[in-house]
Amino acid sequence: MLDSHAATLGISAAGLEDPSRRLTALKAIQRARYVDGRDIVTAEGVAAVLADTGMADAAAMLRKPAETVLTVHAELVGRGRALFQRLHANGVPSLAVIRNDAPRLIGSNALFGSFDNLVAHIAAA
């Protein structure tokens with residue numbers, strides 16, 4: 001079973017003081033799950049991934065989240081849900097491309113084809 005709550009909370013913790021670290025955390029968490037087969041469903045599992053990535057501060061925040069982390073997490077999840085509702089995305093995986101403040105949904109079928117096909121869909125968006 002894949003539950004993304006701990007992973008998204010970890011990404012929120014990683015980006016609390018420096019939003020650019022969110023992408024680094026996301027990449028580490030995805031690699032841990034899909035390449036290394038590690039646990040990213042529990043807070044402890046995600047905390048271990050973050051610590052291994054050099055984000056001990058985020059790992060500590062995830063193990064014992066302060067109200068600030070929970071608030072930032074709720075805001076990020078809310079923004080994502082609102083965007084996907086606006087785009088009529090129904091389910092995961094879904095991908096949105098935002099150019100010139102105009103979001104566009106990439107059909108999920110593009111995510112399961114070749115890499116070149118996905119790149120073409122993103123370029124056309």
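# Helix packing and local geometry in a predicted model

The buried residues of α1 pack against α2, α3, α4 and α5, where a contact means heavy atoms within 4.5 Å, and where a residue is buried under 20% relative accessible area, exposed over 50% and partly exposed in between, using a 1.4 Å probe and protein chains only. The model is predicted, so that local features need pLDDT of at least 70 and side-chain atom pairs count only at pLDDT 80 or more, whereas totals for chains, interfaces and linings use all residues. Residues are numbered from 1 along each chain as its sequence is written, and side-chain values use heavy atoms, with hydrogens and water left out.

## Overall make-up

The protein has six helices and two strands, arranged along the sequence in the pattern α-α-α-α-α-β-β-α; helices (H or I, at least four residues) and strands (E, at least two) are DSSP runs numbered from the N terminus. The C-alpha trace spans about 40 × 30 × 25 Å along its principal axes, and 29% of the 125 residues count as buried. Among contacts between residues at least 6 apart in sequence, 41% join residues at least 24 apart.

## Helix α1 and its partners

Helix α1 is mostly covered, with eight of its ten residues buried, namely A6, A7, L9, G10, I11, S12, A13 and A14. Two of its helix pairs are described here by axes, which are lines fitted to C-alpha atoms, for helices over the stretch in contact, with angles that run from 0 to 180 degrees between N-to-C directions.

The axes of α1 (residues 5–14) and α5 (residues 67–86) come within 9 Å and cross at roughly 110°. That angle makes α1 roughly perpendicular to α5, on a scale where under 35 degrees counts as roughly parallel, over 145 as roughly antiparallel, 65 to 115 as roughly perpendicular and the rest as oblique. The crossing of α1 and α5 is right-handed, a term used if the near helix is turned clockwise from the far one by less than a right angle, the anticlockwise case being left-handed. On the α1 side the contact is made by H5, T8, L9, S12 and A13, and on the α5 side by V69, L70, V72, H73 and L76. These residues divide into six nonpolar, four polar and no charged, where Ala, Val, Leu, Ile, Met, Phe, Trp, Tyr, Cys and Pro count as nonpolar, Asp, Glu, Lys and Arg as charged, and the others, Gly among them, as polar.

Within this contact, H73 of helix α5 is buried, with a relative accessible area of 9%. Not counting residues up to four places away in sequence, H73 touches H5, T8, L9 and S12.

The second pair is that of α1 and α3 (residues 43–52), whose axes come within 8 Å and cross at roughly 40°. Here the angle makes α1 oblique to α3, and the crossing is right-handed. A6, A7 and G10 in α1 meet A43, V46 and L50 in α3, a contact that by class has five nonpolar, one polar and no charged residues.

In α3 itself, G45, V46, A47, V49 and L50 are buried, and the buried residues of this helix pack against α1, α2 (21–34) and α4 (56–63). Helix α3 is followed by G54, whose phi is positive, near 90°.

## The hairpin

Strand β1 (residues 95–99) and strand β2 (residues 102–106) run antiparallel and are joined by five bridges; two strands pair if DSSP finds at least two bridges between them. L95 stands opposite I106 in β2. Two residues lie between the strands of this hairpin, in which N100 takes a positive phi near 50°.

## Exposed positions

Which places do the exposed residues H88, N100 and R86 take? The table sets these places beside the relative accessibilities.

| Residue | Place | Relative accessibility |
|---|---|---|
| H88 | loop between α5 and β1 | 66% |
| N100 | loop between β1 and β2 | 79% |
| R86 | helix α5 | 57% |

For H88, phi is near 60°, a positive value in a residue other than glycine, and N100 likewise has a positive phi in a residue other than glycine, near 50°. R86 and A25 are 61 residues apart in sequence and 26 Å apart in space, C-alpha to C-alpha.
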